[in-house]
Each structure stands twice: as C-alpha cells, then as structure tokens.
Amino acid sequence: MFKVQSFRPHRLLQDFVLTYLILESDFLEEGCRKMTILPHLIQSIVFNIGPPGKVYDVTSKEYVASDSITGPNDIVCERCIYAGMKSLVVNLKPGAWFKLFHIPATNFTNKTIDLSVAGSQMHELGELLRECNNGQEQVAMLEAFLLRQLLSERKYSRSLNEAIRLIYAADGNITIRQLELGTYLTKRTLERNFLEQTGLRLKTFCRIVRFRRTIEYIEKERKTQWCLLASRFGYSDQTHFIKEFRHFAGCLPHEYPGFRSSLELALGI
C-alpha cells in the first residue's frame, strides 16, 4: 500500500523529532483510497516531493498544500490518497513545534494548514527539496534547517516535557494535582502551556493517551475481553469506556476492526 523509508534524527533534535519519513503510495491502480486517522498527539510537517494534488482532506474538502503542518487531532479525520503521492514527513513530539517556531499549536489542531504560517523560508525549503531526487540528501537538507532553527531559538521551559512523560507513564490516568507535584507548576500554567504547545487541552491530552494505549492493546490481543478493558485502562466503568471509545474511534468497541488504516500505520502515529 505504501513504501516507507525511515530516518533517525540528529542527537540534538531527538527531544523534538520522532522520525523522518519518505512516504510513497504504492497503489497498483489509478484513483484514490479513502483512509481514516484516529485521534493522535503527533504534530507532522509534510513536504510534497512528488506530483501535486495527491492528498485530499475530506474534512476541509480541499487538497492539502504542498508544504503543510498537521495535527494533533482529537477527532477522526479522513484523507483521500491518490496514486503517485510522495511526501517527506517530519513527525514531531507533542509540543515540539512550539519550541522550534514559537507559534501556538492551536493553529492546526484537527486540521492541516499551509506552512507559510512559519514564514516564507519554509516554502523556499520545500522548493529545494523538490529539486533534489535523493532521499538521504533531502532529509539532510531538512535536518540542517531544523538544526539552524533550534540553535537560533530562545530557551524554553522543559517542565512540560516532564508533565508529558508523567502522563505517558501513567497511561493517561493521572490527576492535575499529581502533575502539579511532579512538575512544580500550577494547574493554570499547565493548562495554558498544554493548549499552546500541544494544541490540546490537558484533560483531552490525557484522554487520548489512554485511548491510544487501549487501541494498542486491542490490536495486540487477538481475543479481547471487552468487559475487562474498562478497569485495565482506568475508565470509571464500562459505560464510561464505551462512551470514550465511541467518541474517539467513531464506533463501538466491538465494531472496531482491530487494526488501524494503512496510512496511519505508514505515518507511524
């Protein structure tokens, strides 16, 4: 379905970048495939390095810009992928976009926007990438730009990193009071920073972490005991679990097919 090349980030960027991907559709026939992406926390910078007009955003009803920033999502979104699509993707850790560019992530929550939000240099970089045919060289050019951006940026507080670490460690089941004690930040500061840097409210961030952990378990276990999932992943009861699952997956637990779309798997989100 997709050809994927993955590249590890430079050690100085490992607190910001999860991975670089060159993603290419590998459809045998012409036309497009509609694919869903479940709610997620990843922020992705995407440069089109193939023919134009190969990714259509079903939600916004428009083709995705050649150079774009997308996610995170707290709703299910859909993309139509056409044969011939080829993109260079930078998967950023939650909050990394703000640290690199100091532009609030709320600008692109649940949608994809043109990278011009970060200045004309992003489109200039996109043009340089499209002029190059070598994947390793394209990644090297992109990484050199991100390193320059990192080294030119002002200092930032790392306390949000610790809050995110604590949330992941608890599978999303953590109170604001516990985060206050673990980060020495007030509730107000935490909530403001999460919305600005991750694009999501703190409570929503935790809920998506828990939902993602649940999905990972369902996909790993062939015989899922639905009645036990609520207590295993910290939902208050079965009704709460079903309500949350339907909210984020768009279906009831027993209706979930047991696997994510090939696009989501290829993107690694």
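**View 1. Strands β5 and β8 pair in this predicted model.** β5 covers residues 55-57 and β8 covers residues 77-82. The two strands run antiparallel and share 3 bridges. Two residue pairs help to locate the pairing. V55 sits opposite I81 of β8. D57 faces R79, again in β8.

**View 2. Four strands make an open sheet.** The order is β3-β8-β5-β6, and the pairing is antiparallel. β3 (32-37) and β6 (62-63) are the edge strands. Each has a single partner strand, so one side of each lacks a neighbour in the sheet. β3 joins β8 through 6 antiparallel bridges. One pair to look for is C32 with its bridge partner Y82 in β8. In a regular strand, side chains alternate between the two faces of the sheet.

**View 3. Another open sheet has 6 strands.** Its strands follow the order β1-β2-β9-β4-β7-β10 and pair antiparallel. Which strands stand at the edges? They are β1 (2-7) and β10 (112-114). Each has a single partner strand, so one side of each is left without a neighbour in the sheet. From one strand to the next, the twist averages 25 degrees.

**View 4. β1 meets β2, and helix α3 packs on the sheet.** β2 spans residues 17-25. It runs antiparallel to β1, with 6 bridges between them. K3 has E24 in β2 as its bridge partner. Helix α3 (residues 135-152) touches β1, β2, β4 and β9. The direction of α3 makes about 145 degrees with that of β2.

**View 5. Helix α2 lies across four strands: β4, β7, β9 and β10.** The helix covers residues 120-131. Three of these strands are β4 (43-48), β7 (67-70) and β9 (86-92). α2 runs at about 55 degrees to β4.

**View 6. A salt bridge joins D67 and R130.** The closest N and O atoms of the pair are 2.9 Å apart. D67 belongs to strand β7, while R130 belongs to helix α2. The two residues are 63 residues apart, so distant parts of the chain are linked here. The count for the model comes to 12 salt bridges.

**View 7. Two loops hold backbone features to look for: a cis peptide bond and a positive phi.** Most residues other than glycine have a negative phi, and most peptide bonds are trans. The bond joining G71 and P72 is cis, with omega about 5 degrees. P72 is placed in the loop between β7 and β8. N110 is not a glycine, yet its phi is positive, at about 65 degrees. N110 lies in the loop between α1 (96-101) and β10.

**View 8. Helices α4 and α7 pack together.** Two packed helices are described by the angle between their axes and the distance between the axes. α4 covers residues 159-169, and α7 covers residues 202-220. Their axes are 9 Å apart, at an angle of about 40 degrees. α4 is therefore oblique to α7. The crossing of α4 and α7 is right-handed. From α4, the contact uses I164, I167 and Y168. From α7 come L202, F205, C206, V209 and R213. The contact of α4 with α7 has 7 nonpolar residues, no polar residues and 1 charged residue.

**View 9. Helix α7 also crosses helix α9.** α9 spans residues 238-249. The axes of α7 and α9 come within 11 Å and cross at roughly 95 degrees. α7 is therefore roughly perpendicular to α9. α7 contributes R207, I208, R210, F211, T214, I215 and I218. α9 contributes H240, F241, E244, F245, H247, F248 and A249. By class, the contact of α7 with α9 holds 8 nonpolar, 3 polar and 3 charged residues.

**View 10. Helices α5 and α6 meet.** α5 runs over residues 176-183 and α6 over residues 187-198. How do α5 and α6 lie: roughly parallel or roughly perpendicular? Their angle is about 95 degrees, and their axes are 9 Å apart. That makes α5 roughly perpendicular to α6. I176, L179, E180 and T183 of α5 face K187, L190 and E191 of α6 in the contact. By class, 3 residues of the contact of α5 with α6 are nonpolar, 1 is polar and 3 are charged.

Notes: Residues numbered from 1 in each chain as written. Predicted model: local features only at pLDDT ≥ 70, side-chain atom pairs only at ≥ 80, totals over all residues. Heavy atoms only, no water. Pairing = 2+ DSSP bridges. Axes fitted to C-alpha atoms, helices over the stretch in contact; angles between N-to-C directions. Contact = heavy atoms within 4.5 Å. Parallel < 35°, antiparallel > 145°, perpendicular 65-115°, else oblique. Left-handed = near helix turned anticlockwise from the far one by under 90°. Nonpolar A, V, L, I, M, F, W, Y, C, P; charged D, E, K, R; others polar. Salt bridge = Lys/Arg side-chain N within 4 Å of Asp/Glu carboxyl O.
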